[in-house]
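Subject: Structure handover

Hi,

Here is the structure I promised to pass on. Please open it first, then read my notes below.

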Amino acid sequence: MAANEEALMWVEKYRPKTLDEVVGLNDIVESIKAFMKNPKTMPHLMLAGIPGTGKTTIALAIARTLYGANWRNFTLELNASDERGIDTVRERIKDFSRYSRGSFGEIPFSLIILDECDQMTGPAQTALRRIMETSSRTSRFILICNQSSKIIEPIQSRCAIFRFSRLDKQAMKEHLQCIAKKENITLLPEAADKIVDFSEGDLRHAINALQTASAYKDGCVDDKTVALVIGEASPSQVQKMIRKALYGDFIESRKTMYEIMGSFGFSGSEIIRQIQREIFKMSDLTPEQKAELSNIIGDYDYRLTQGANSDIQLSALLAQFGKFGKNVEETYAAK
Amino acid sequence: MVLNKKAFKLPRVEKDKFVLLMHLGCDYNRDQGVFSIKSYNNIEKLMETISGILDNEVIFLQSCIRCGKDFACGDCKYDELCTTKNLPFGCVCPQCLRDRKHFEQYIEKF
Amino acid sequence: MQRNDLLWVEKYRPKKIEDIIGNEEAKASFVEWLKTKRKSKKAVLLYGPPGVGKTALVNAAAREFSFTIIEMNASDTRSEKAINAVAKPATSYVALDNFSTNQTKGKGNLLFLDEVDGIAGNEDRGGVSAIIKIVEEALTPVIMAANDPDVEKLRPLKKVCLLIRFQQIRIPLVIALLQKICLLEHVKAEFEALERIAQNSRGDVRSAINDLQSLSEENHSLTLQDTAMLSSRNKDISMDDTLRGFFSSKSIAEVSSLLSYSSVDYDDFLLSVSDNLPRRYTNPAELAAAYDFVSQADVFRGRIGTEYWHLLKYFFNNLSQAAAVNPQSYKPFEFISPPIRIITLFWTKGKRTMLDGICGKIGAKCHVSHSKAKHDFVPFVKMLLQKTKNSFLIAWFEFSPEEVDFLVKMNRF
């Protein structure tokens, strides 16, 4: 394990490097291989699906297949949510085209991998389409997103779209066991189950949990260790804040909110996203209640983007929970 | 000295003063030889100028929007607070303001 | 619970030109200008103190003569670009028969630039000259309004406009208007009380009507005694007084009036309101309703930013409604003031930058965005480093010693 370049995070260490090493995505891999038979006619690609299902892995594998060991010289990796706007994206692509060697042997283009492009606004996507057009001689784009429906039609029509579905639990467990074996640790079945449940189909999440758990207990990962790790990592404060709000204790709920914002620096929209996730996990809410709460959350999510003070918007959201919560108490009691 | 805003006479003035009067919003009818006020944008300055010409303080009468009669600002109890005192604008005469009967007649019109 | 949601300034907004009190001469000049198809000057500038009928006249005239108003309001970005985007198309269409017939169909556009003295010098890059150009090329009436036309930057503008001055509305006229409203609202008011309101308003009809409403709405009566409150309105009201008045107010109009006279900083006030709201409304349903309004006020504050001040009325409108959700449930309470900004206390810029840097390094090595790094990786990396200061891991990520320290010491969330 020593060399500096060898990946130390297991998500990277065990990431398949070539298309053939990828397990479980046969259809996609076969189609892509077909496209790459004649690289000159390879279209732009769109990889769509929930997080942790192999999109980035495939994109990077394509880069390696096309360009070999020096693939980094011909590949630009961008993340739409990190860039400040479409103008910076355009700048970075321009700079990249200027400084990279445009073609590699048979392959007349370089690769631009743009992740999280469903986070881009409509106008930004329109601009992106133009960028794709003007650089189509020298670049191919691989667009990665969670929801292809958020991508405007003109871009979709220019791409070959591949959909990545949630990994099934068995497949995930096999992955984890495979890694555990290579790392010389024992992964107990209950522990594996717990990890898989916690990660909700996101393999990256699962591998991180495994790696952290193994650091806590050398040699053997049991479900107690996993529980400890998950407990540390999962946003229990958010659940606490939500529950207090639903049960009408606004002031305590808001105190928890300030703690979350204060000690972790999460932005208002990040917290709202966590709230959405937590609501869906809560087993004492009916599906109808979850849907209704989700609508309220969506409303305030939008206001957050427009408003001046995110703590005010979050407080207002918690207050709406307080009003809603009356119903929760009643149904809970009725059970 | 009370003037009628629609038509008032002034003694003969030099060209400069005449031009100034026009500039400040006056109009002059050559046939009848009377001045009238065309624009109220500079009314204060205009009044000052006219007062200067006549060597006498000039006031205009107000017309009451309720009863229609003309009255002088001097009768009005708010004249200390009023920023448009003695200027020929519409107003409400003290009687109409106080008088309930007139008030109700006025309201009938709506 | 009887609560009048409609502000009287809205309800009694003049619909016809003749309903606008005062400034008869200004009204006449304006109408004549419109009628003669602006033969003298292509644009008109209405100027004078606030609340005397400039905007009301434009609206009433548009209504009466069937024009459509295209408005570019106070301190909207009035850069050349923005002006051309809106004003050019607005003024290039003209209906064939503006005035003479009885056609009820729309007779074309009026471009209305309110609060034109709000055009700042540099921010509005070329704003004033763009307006002049529009005026020169316009086929439809261009109307401007300002409080103070003597600002230097408007000088070139004045050359192309017909100037029409509006004066403060005289006290007897204001009283007469208040009398009329009292009659229509079935309010029994002492003459001296109306007198007091009119005197206090300094010729601003809008604030006179607001004062009338807030003082008389609850009991539908008004005595001179009730107007004693008015004298304090001219003085600046402090934050505590404003908060107190805000939370204990009994109607929207009362709050509106209070806020318009108070000189508190809007942003601090908004935060203080949010801090204190749960103390005012202990009933969850009321709290939710009030917070909904505060949230909308905040949205408007966000939209105002540093330039769109004409949206301020919606900001105040929503705040006012937050105060008046249920006047009956008011019980005096202890305020929190100044506003709590725990977030800024804990989370300094330095810390944010540090975390950002860490997320960037994680993102680069693991092919994820900053945000994913923060959510999905940081908790685990933190734990990994806490358990064993794995030097290989640190080297791989290229973390600095400060960054490692930061990660390890970060609180659980």
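Two residues are in contact if their C-beta atoms, placed from the backbone, lie within 7 Å. On that basis, residues 24 or more positions apart account for 72% of the contacts in chain A with a separation of 6 or more. Please keep in mind that this is a predicted model.

**Chain A overall**

Chain A has 335 residues, and 41% of them count as buried. It holds 15 helices and seven strands.

**The sheet**

Five strands of chain A make an open sheet. Their order is S2-S3-S4-S1-S5, and the pairing is parallel. Which strands form the edges? They are S2(A) and S5(A), and each pairs on one side only. From one strand to the next, the twist averages 15°.

Here are the pairings, going through the sheet:

- S3(A) and S4(A) run parallel and share five bridges. Ile112(A) sits opposite Phe141(A) of S4(A).
- S1(A) and S4(A) are also parallel, with four bridges. Here Leu47(A) faces Ile144(A) of S4(A).
- S1(A) and S5(A) are parallel too, joined by six bridges. His44(A) has Cys159(A) in S5(A) as its bridge partner.

S1(A) deserves a second look. Five of its six residues are buried, so S1(A) is largely enclosed by the rest of the structure.

**Helix H3(A)**

H3(A) covers residues 55-67, which makes 13 residues. From first C-alpha to last, H3(A) reaches 19 Å, close to the 18 Å expected at 1.5 Å a residue. H3(A) lies across S1, S2, S3, S4 and S5 of chain A. Its angle to S4(A) is about 165°.

Is H3(A) largely enclosed or open? It is largely enclosed by the rest of the structure, because 10 of its 13 residues are buried. The buried set runs from Lys55(A), Thr56(A) and Thr57(A) through Ile58(A), Ala59(A), Leu60(A), Ala61(A), Ile62(A) and Ala63(A), and also takes in Leu66(A). What covers these residues includes helix H2(A) (26-37). The cover also includes strands S1 (44-49), S2 (75-79), S3 (110-115), S4 (139-145) and S5 (159-164) of chain A. Just after H3(A) comes Gly68(A), with a positive phi of about 70°.

**Helix H7(A)**

H7(A) spans residues 169-182, 14 residues in all. Its reach from first C-alpha to last is 20 Å, close to the 20 Å expected at 1.5 Å a residue.

Which residues of H7(A) are buried? They are Met172(A), His175(A), Leu176(A), Ile179(A) and Ala180(A). These residues cover an arc of only 135° around the axis, so they lie on the same side of H7(A). Gln170(A), Lys181(A) and Lys182(A) are exposed on the other side.

The buried residues of H7(A) pack against four elements of chain A:

- helix H1(A) (10-13)
- strand S6(A) (186-187)
- helix H8(A) (189-199)
- helix H9(A) (203-216)

After H7(A) comes Asn184(A), whose phi is positive, near 60°.

**Where chain A meets chain C**

This contact takes 50 residues from chain A and 44 residues from chain C. Several elements of chain A give two or more residues to it. Among them are H1(A), H3(A), S2(A) and H9(A), which appear above. The others include helices H10(A) (223-233), H12(A) (250-264), H14(A) (287-306) and H15(A) (310-334). H15(A) gives the largest share of the chain A side, 10 residues. By type, the chain A side divides into 20 nonpolar, 19 polar and 11 charged residues.

**Where chain B meets chain C**

Here 15 residues of chain B are in contact with 20 residues of chain C. Strand S7(B) (90-91) and helix H4(B) (100-108) each supply at least two residues of the chain B side. How many residues on that side are nonpolar, polar and charged? The split is 11 nonpolar, four polar and no charged.

**Where to start**

I would look at H3(A) on the sheet first, as it lies across S1, S2, S3, S4 and S5 of chain A. Then turn to the contact of chain A with chain C, where H15(A) gives 10 residues.

Best wishes

Notes. Residues numbered from 1 in each chain as written. Chains lettered and ligands numbered in written order. Predicted model: local features only at pLDDT ≥ 70, side-chain atom pairs only at ≥ 80, totals over all residues. Nonpolar A, V, L, I, M, F, W, Y, C, P; charged D, E, K, R; others polar. Expected span 1.5 Å × (residues − 1). Buried ≥ 20, exposed ≤ 12 C-beta atoms within 10 Å, placed from the backbone. Arc of directions from axis to C-beta. Pairing = 2+ DSSP bridges. Axes fitted to C-alpha atoms, helices over the stretch in contact; angles between N-to-C directions.
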